[in-house]
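Here is a friendly walk through one protein model, going from a single helix residue out to the whole chain. Keep the viewer open and follow along.

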Amino acid sequence: MKNLLSRRSIRKYADRPVDETLLNRLMNEAARTQTMGNLQLYSVVVTRSDEMKAKLAPAHFNQPMVTAAPVVLTICADFNRTSQWARCRKAEPGYDNFLSFQNAAIDALLYTQTLCNLMDEEGLGYCYLGTTVYMPQMIIDTLQLPQLVMPVATLTVGWPAEEPALSDRLPLKSFVHQETYSDYTPAAIDDYYREKEALPENQHFVELNHKETLAQIFTDIRYTRKDNEAMSAGLMEALKHQGFL
């Protein structure tokens, strides 16, 4: 895919609508992605209205692109539809468990990535919001998701109004293991993270936040133990509420 190496997260969008026919075509094409048992264990909620985008925004920490983007897509792990189908066909579903959530979440995320690739090819811009799993109950309530439906990904979508720099990436040797997993030595860590840590913007983050290392930006500021534990508890409660636990 010629556009994959130039993929960027787009947070600013042109004042131009995303045609419904185009979006429907891409979502339909994305359904050709791999899926467990050909069950397509996902659903997509399309949000276009300003009212609904405003309701979703707090669940995503009010990031500006949620309300500014022409379209917000919430991709859900969905075992509700399959369970309803089973009951309508004299079959008793047994998908109210964590394994079923895991299977549906994998399906949903594979679908999400395929859709992203297709949008890249059409010139659409998008941003993947990791906040979806931070405060899922707010999204569940806003989108009126029934049991066995769980939000796992959100994309803001529109025509790009910016061309940000490419994000840095670790080298191939840092994440590919041959035959068995080879644990990381301090020397290997130094080698793999040297370029990332040397980037001026990352050094600026360290200086600006009065930290010693880039790693401390992630552990002490961006993804803290306190926040991780609190949001983990909220995620588990949401999974219980949706019938997966």
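## A residue in H8 and a long reach

This is a predicted model, and a good place to begin is Glu201, which lies in helix H8, spanning residues 200-208. Is Glu201 buried, partly exposed or exposed? With a relative accessibility of 43%, Glu201 counts as partly exposed, because that value falls between the 20% limit for buried and the 50% limit for exposed.

If you want to get a feel for distance in the viewer, pick the C-alpha atoms of Glu201 and Asp19: they are separated by 36 Å, with the two positions 182 residues apart along the chain.

## The overall picture

Stepping back, the protein has ten helices and four strands. Read from the N terminus, the order of elements is α-β-α-α-β-α-α-β-α-β-α-α-α-α. The C-alpha trace spans about 60 × 45 × 35 Å along its principal axes.

Of the 245 residues in the protein, 36% are buried. The accessible surface comes to about 14,700 Å², and carbon and sulfur atoms account for 53% of that area. As for how the chain meets itself, take the contacts between residues at least 6 apart in sequence: 79% of these join residues at least 24 apart.

## A kinked helix

Helix H7 covers residues 186-198, which makes 13 residues. From its first C-alpha to its last, H7 reaches 17 Å, close to the 18 Å expected at 1.5 Å a residue. Where is the kink in H7 centred? The kink is centred on Tyr192 and amounts to about 40 degrees.

## Two loop residues with positive phi

Two non-glycine residues deserve a look on your Ramachandran plot. Lys90 is not a glycine, yet its phi is positive, at about 60 degrees. Lys90 sits in the loop that connects helix H4 (80-88) with H5. Its relative accessible area is 86%, so Lys90 is exposed.

Gln144 also has a positive phi, near 55 degrees, and is likewise a residue other than glycine. Its loop runs between helix H6 (136-143) and strand E4 (149-158). Gln144 counts as exposed because its relative accessibility is 68%.

## A buried serine and a nonpolar patch

Ser100 belongs to helix H5, which covers residues 98-122. Its relative accessibility is 5%, so Ser100 counts as buried. Which residues does Ser100 touch, leaving aside neighbours within four places in sequence? Its contacts are Phe79, Gly94, Tyr95 and Phe244.

On the surface, Phe98, Met236 and Leu245 make a nonpolar patch of about 270 Å². Met236 comes from helix H10, residues 225-241. Met236 counts as partly exposed, because its relative accessibility is 39%.

## Salt bridges

How many salt bridges does a search of the whole structure find? The search finds twelve. Helix H2 (residues 50-56) is a handy place to inspect them, as Asp50 and Lys53 both lie there, three residues apart, or about one turn of the helix. The side chains of Asp50 and Lys53 meet in a salt bridge with an N to O distance of 3.7 Å. For Asp50 the relative accessibility is 60%, so Asp50 counts as exposed, whereas Lys53, at 3%, counts as buried.

Glu51 and Lys55 also form a salt bridge, at 3.5 Å from N to O. These two are separated by about one helical turn because they are four residues apart in helix H2. Glu51 is exposed, with a relative accessible area of 54%, while Lys55 counts as partly exposed at 43%.

Asp220 and Lys211 supply another pair, with their side chains meeting in a salt bridge at 3.3 Å, N to O. Asp220 counts as partly exposed at 41% relative accessibility, and Lys211 counts as partly exposed at 28%. Elsewhere, Arg25, Glu29 and Glu122 are joined into one network by salt bridges that share partners.

How values were computed. Residues are numbered from 1 along each chain as its sequence is written. This is a predicted model: local features need pLDDT of at least 70, side-chain atom pairs count only at pLDDT 80 or more; totals for chains, interfaces and linings use all residues. Side-chain values use heavy atoms; hydrogens and water are left out. Buried means under 20% relative accessible area, exposed over 50%, partly exposed in between (1.4 Å probe, protein chains only). Contact means heavy atoms within 4.5 Å. The expected span of a helix is 1.5 Å times one less than its number of residues. The bend at a residue is the angle between axes fitted to the seven residues ending there and the seven starting there. Patches are made of residues with over 30% relative accessible area and no salt bridge: like charges are joined within 9 Å, nonpolar side chains (Val, Leu, Ile, Met, Phe, Trp, Tyr) within 5 Å. Accessible areas come from the Shrake-Rupley method with a 1.4 Å probe; for residues, only the protein chains shown count as cover. A salt bridge is a side-chain nitrogen of Lys or Arg within 4 Å of a carboxyl oxygen of Asp or Glu.
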